[in-house]
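Colleague: Hi! I have a few minutes before lunch and would love a tour of this one. Could you pull it up for us?

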Amino acid sequence: MTGPSTVTRLTAGQLLACADDLADLLVETVRSGASLGFLADLEGPAAAAWWRGLAPAVAEGRLAVWAARDAGRVTGTVGVAFVDKPNGRHRAEITKLMVHPGARGQGLARALLSAAEEAAAEAGVTLLVLDTETHSPAETLYGKAGWTRAGTIPDYATDPAGGLHATTLFYKRVGKRAAAEHAGAQ
């Protein structure tokens, strides 16, 4: 895959319309070894059902999902899960950042992450969190994108083959608070 991808925030209807394409992306990403909460035997129908199950959260504004497309094919995605508890509305979680194996190395993950960060800040979020498999390429990406490592939890999740792996927790301040901290550091 080559060429520029367009990154678009999906409505619930758009999510449902491209659930099969998102499922293909998820299956290929898991098959390539990415630890996304699924095992290697994940198949298209189960992956599509998982995506369709997210539509109510998108419709209610509890979840935002972006899709990157290149020549009509979904090449990447990312989500932001907003906290609905009164004491946590200032924070959100980055979820399921994935790029098709054939579209990697072109800056797409960084573009998706930036879109999610900007939208979260526009929604009033000041703190983003995420977790990723320790020693994975994603861990390097987050460090280079200005995320702060908060710690590591051993044996947190299995990889697609079923082996236990540690996860690294990250956080990033965004929005007004991040701008104020940046200005104070200068």
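Modeller: Happy to, and what follows is a walk through some helices, the cores and a few single residues. Please keep in mind that this is a predicted model.

Colleague: Noted. Let's begin with the helices: how do the axes of H2 and H3 cross?

Modeller: Helix H2 covers residues 19-31 and helix H3 covers residues 44-52; their axes come within 8 Å and cross at roughly 120°. An angle between 115 and 145 degrees falls into the oblique class, and H2 and H3 are therefore oblique to each other.

Colleague: And which hand does the crossing of H2 and H3 have?

Modeller: Right-handed: that is how H2 passes H3.

Colleague: Nice. Which residues make the contact?

Modeller: On the H2 side you have Ala19, Asp20, Leu22, Ala23, Leu26 and Val27, and on the H3 side Gly44, Ala47, Ala48, Trp50, Trp51 and Arg52. Sorted by class, the contact of H2 with H3 holds 9 nonpolar, 1 polar and 2 charged residues.

Colleague: Okay, what about the largest nonpolar core, how many residues has it got?

Modeller: That core has 26 residues, and the ones with the most contacts inside it are Leu10, Leu15, Leu22, Leu26, Leu42, Trp51 and Val65. At least two of its residues come from each of helix H1 (12-17), H2, H3, H4 and strand S2 (63-70).

Colleague: Which of them gives the largest share of this core?

Modeller: H2 does, with 7 residues. As general background, nonpolar side chains tend to be buried together in soluble globular proteins.

Colleague: You listed Leu26 twice. What does Leu26 touch, not counting residues up to four places away in sequence?

Modeller: Leu26 touches Leu36, Phe38, Leu42, Ala47, Trp50, Trp51 and Met98 on that count. Besides the core that Leu26 belongs to, there is a second, separate core of 25 residues, which includes Trp66, Ala92, Leu97 and Tyr142.

Colleague: Leu97 makes me think of Leu113. Where does Leu113 lie, and is Leu113 buried or exposed?

Modeller: Leu113 lies in helix H5, residues 108-122. Its relative accessible area is 1%, so Leu113 is buried. Setting aside residues up to four places away in sequence, Leu113 touches Ile94, Leu97, Tyr142, Ala145 and Trp147.

Colleague: How far is Leu113 from Thr95, C-alpha to C-alpha?

Modeller: They are 18 residues apart along the chain, and their C-alpha atoms are separated by 9.9 Å. Thr95 itself is in strand S4, residues 91-99.

Colleague: Stay on S4 for a second. Are Thr95 and Lys96 buried or exposed?

Modeller: Thr95 counts as buried because its relative accessibility is 18%, while Lys96, at 26%, is partly exposed. Lys96 is also found in strand S4.

Colleague: And which residues are their contacts, leaving out the sequence neighbours?

Modeller: Beyond four places in sequence, Thr95 is in contact with Leu63, Val78, Gly79, Val80 and Ala81. Lys96 touches Leu36, Phe38, Trp50, Thr77 and Val78.

Colleague: Changing topic: where is Pro160, and what is its relative accessible area?

Modeller: Pro160 is in the loop between S6 and strand S7 (164-173). With a relative accessible area of 8%, Pro160 is buried. Its C-alpha atom is 4.5 Å from that of Ala40, although the two residues are 120 residues apart along the chain. Leaving aside neighbours within four places in sequence, Pro160 is in contact with Val30, Gly33, Ala34, Ser35, Phe38, Leu39 and Ala40.

Colleague: Last thing, backbone oddities. What is phi for His135 and for Asp155?

Modeller: His135 has phi near 70°, a positive value in a residue other than glycine. Asp155 is not a glycine either, and its phi is positive at about 50°.

Colleague: Where do His135 and Asp155 sit?

Modeller: His135 sits in the loop between strand S5 (127-133) and helix H6 (137-144), and Asp155 has its place in strand S6, residues 148-158. His135 counts as exposed because its relative accessibility is 74%, and Asp155 is exposed with 52%.

Colleague: And Glu60, buried or exposed?

Modeller: Glu60, found in helix H4 (residues 55-60), counts as exposed at 54% relative accessibility. Glu60 and Leu25 are 24 Å apart in space, C-alpha to C-alpha, and 35 residues apart in sequence.

Colleague: Lovely, thanks for the tour!

Conventions
Residues are numbered from 1 along each chain as its sequence is written. This is a predicted model: local features need pLDDT of at least 70, side-chain atom pairs count only at pLDDT 80 or more; totals for chains, interfaces and linings use all residues. Side-chain values use heavy atoms; hydrogens and water are left out. Helices (H or I, at least four residues) and strands (E, at least two) are DSSP runs, numbered from the N terminus. Buried means under 20% relative accessible area, exposed over 50%, partly exposed in between (1.4 Å probe, protein chains only). Contact means heavy atoms within 4.5 Å. Axes are lines fitted to C-alpha atoms, for helices over the stretch in contact, and angles run from 0 to 180 degrees between N-to-C directions. Angles under 35 degrees count as roughly parallel, over 145 as roughly antiparallel, 65 to 115 as roughly perpendicular and the rest as oblique. A crossing is left-handed if the near helix is turned anticlockwise from the far one by less than a right angle, and right-handed if clockwise. Ala, Val, Leu, Ile, Met, Phe, Trp, Tyr, Cys and Pro count as nonpolar, Asp, Glu, Lys and Arg as charged, and the others, Gly among them, as polar. A nonpolar core is a set of buried Ala, Val, Leu, Ile, Met, Phe, Trp, Tyr and Cys residues joined through side-chain atoms within 4.5 Å.
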